[in-house]
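Visitor: I am new to reading protein structures, and I would like a close look at a single part. Could you pick one strand and walk me through what surrounds it?

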Amino acid sequence: CALVVLPLVAHGVTAIGRIKAELPETEIVTMTSFIEEEKVTAALEAGASGYVLKDAEAEEVAQAIRAAHAGEVHLDPQVARLLAQRMRAKKEPEPVT
């Protein structure tokens with residue numbers, strides 16, 4: 001299992017997809033300052049195993065790397081909160097009968 005820590009720059013999502021296509025056993029953790037839902041979901045859909053913000057503490061980055069090496073997904077807590085909030089907001093309330 002190879003591991004790549006990749007800054008999520010303009011072509012980062014494309015790079016993730018290419019790396020995963022050519023080396024599917026490679027785990028990729030992105031480091032970025034972006035906390036936008038579209039960028040997060042694009043990176044994860046392309047095959048990223050982790051999403052860490054650049055201001056993360058060293059231990060947070062280490063946790064993301066360990067998780068990716070173990071085949072798990074690690075999201076920065078702010079990113080996980082954003083995704084959870086968006087998912088809740090998109091859920092239609094069930095009609096009351």
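Guide: What follows is a tour of one strand, β3, and of the parts of the chain around it.

Please keep in mind that this is a predicted model. To get our bearings, the protein chain has four helices and four strands. Starting at the N terminus, these elements come in the order β-α-β-α-β-α-β-α. Of the 97 residues, 34% count as buried. Among contacts between residues at least 6 apart in sequence, 49% join residues at least 24 apart.

Now to our strand. Strand β3 covers residues 50-53. Are its faces covered or bare? Both faces of β3 are covered. Gly50 and Val52 are buried on one side, and Tyr51 and Leu53 are buried on the other. There is a handy rule to go with this picture: in a regular strand the side chains alternate between the two faces of the sheet.

Let us look at one partner of β3. Strand β2, residues 27-32, pairs with β3 in the parallel sense, and four bridges join the two. You can find the pairing by eye if you look for Val29, which stands opposite Gly50 in β3, and for Met31, which stands opposite Val52. Strand β2 is mostly covered too, with five of its six residues buried. Take Val29, which sits in β2: its relative accessibility is 1%, so Val29 counts as buried, the cut-off being under 20%.

How does the chain get from β2 to β3? Helix α2, residues 37-46, comes with them, and together β2, α2 and β3 make a right-handed β-α-β unit. For a sense of scale, the C-alpha atoms of Val29 and Leu44 are 9.7 Å apart, although these positions lie 15 residues apart along the chain. The buried residues of α2 are Glu37, Val40, Ala43 and Ala46. What covers them includes α1, β2, β3 and α4. You might pause at Glu37, a member of helix α2. Its relative accessibility is 15%, and because buried means under 20%, Glu37 counts as buried. If we leave aside neighbours within four places in sequence, Glu37 is in contact with Leu82, Leu83, Arg86 and Lys90. Just after α2 comes Gly47, with a positive phi of about 125 degrees.

Next, turn to the other partner of β3. Strand β4 runs parallel to β3, and two bridges join them. Here the residue to look for is Tyr51, which stands opposite Leu75 in β4. The chain crosses from β3 to β4 through helix α3, residues 58-69, and this β-α-β crossover is left-handed. Compare that with the right-handed unit made by β2, α2 and β3.

Helix α3 is a good place to try a small calculation. At 1.5 Å a residue, its twelve residues should span 16 Å, and its end C-alpha atoms are 17 Å apart, which agrees. In α3, the buried residues are Glu60, Val61, Ala64, Ala67 and Ala68. Seen down the axis of α3, these buried residues fall within an arc of 125 degrees, so they line one face of the helix. A general rule helps here: an α-helix has 3.6 residues a turn, so residues three or four places apart point the same way. On the face of α3 turned away from the buried side you find the exposed residues Ala58 and His69. After α3 comes Gly71, whose phi is positive, near 85 degrees.

One more helix belongs to this neighbourhood. Helix α4, residues 77-90, has 14 residues that should span 20 Å at 1.5 Å a residue, and its end C-alpha atoms are 20 Å apart, which agrees. Its buried residues are Val79, Leu82 and Leu83. They cover an arc of only 95 degrees around the axis, which puts them on the same side of α4. What covers these residues includes α2, β3 and β4, so our strand appears here again. At the N-terminal end of α4, Asp76 acts as a cap: one of its side-chain oxygens lies 2.9 Å from the backbone nitrogen of Gln78.

To put the picture together, β3 pairs with β2 and is joined to β4, and β3 is among the elements that cover the buried residues of α2 and of α4.

Definitions and conventions. Residues numbered from 1 in each chain as written. Predicted model: local features only at pLDDT ≥ 70, side-chain atom pairs only at ≥ 80, totals over all residues. Heavy atoms only, no water. Buried < 20%, exposed > 50% of the residue type's maximum accessible area, 1.4 Å probe, protein only. Pairing = 2+ DSSP bridges. Right-handed = clockwise from strand over helix to strand, strands pointing away. Expected span 1.5 Å × (residues − 1). Arc of directions from axis to C-beta. Contact = heavy atoms within 4.5 Å. Polar contact = N/O pair within 3.5 Å; in protein donor to acceptor, adjacent residues only side chain to side chain.
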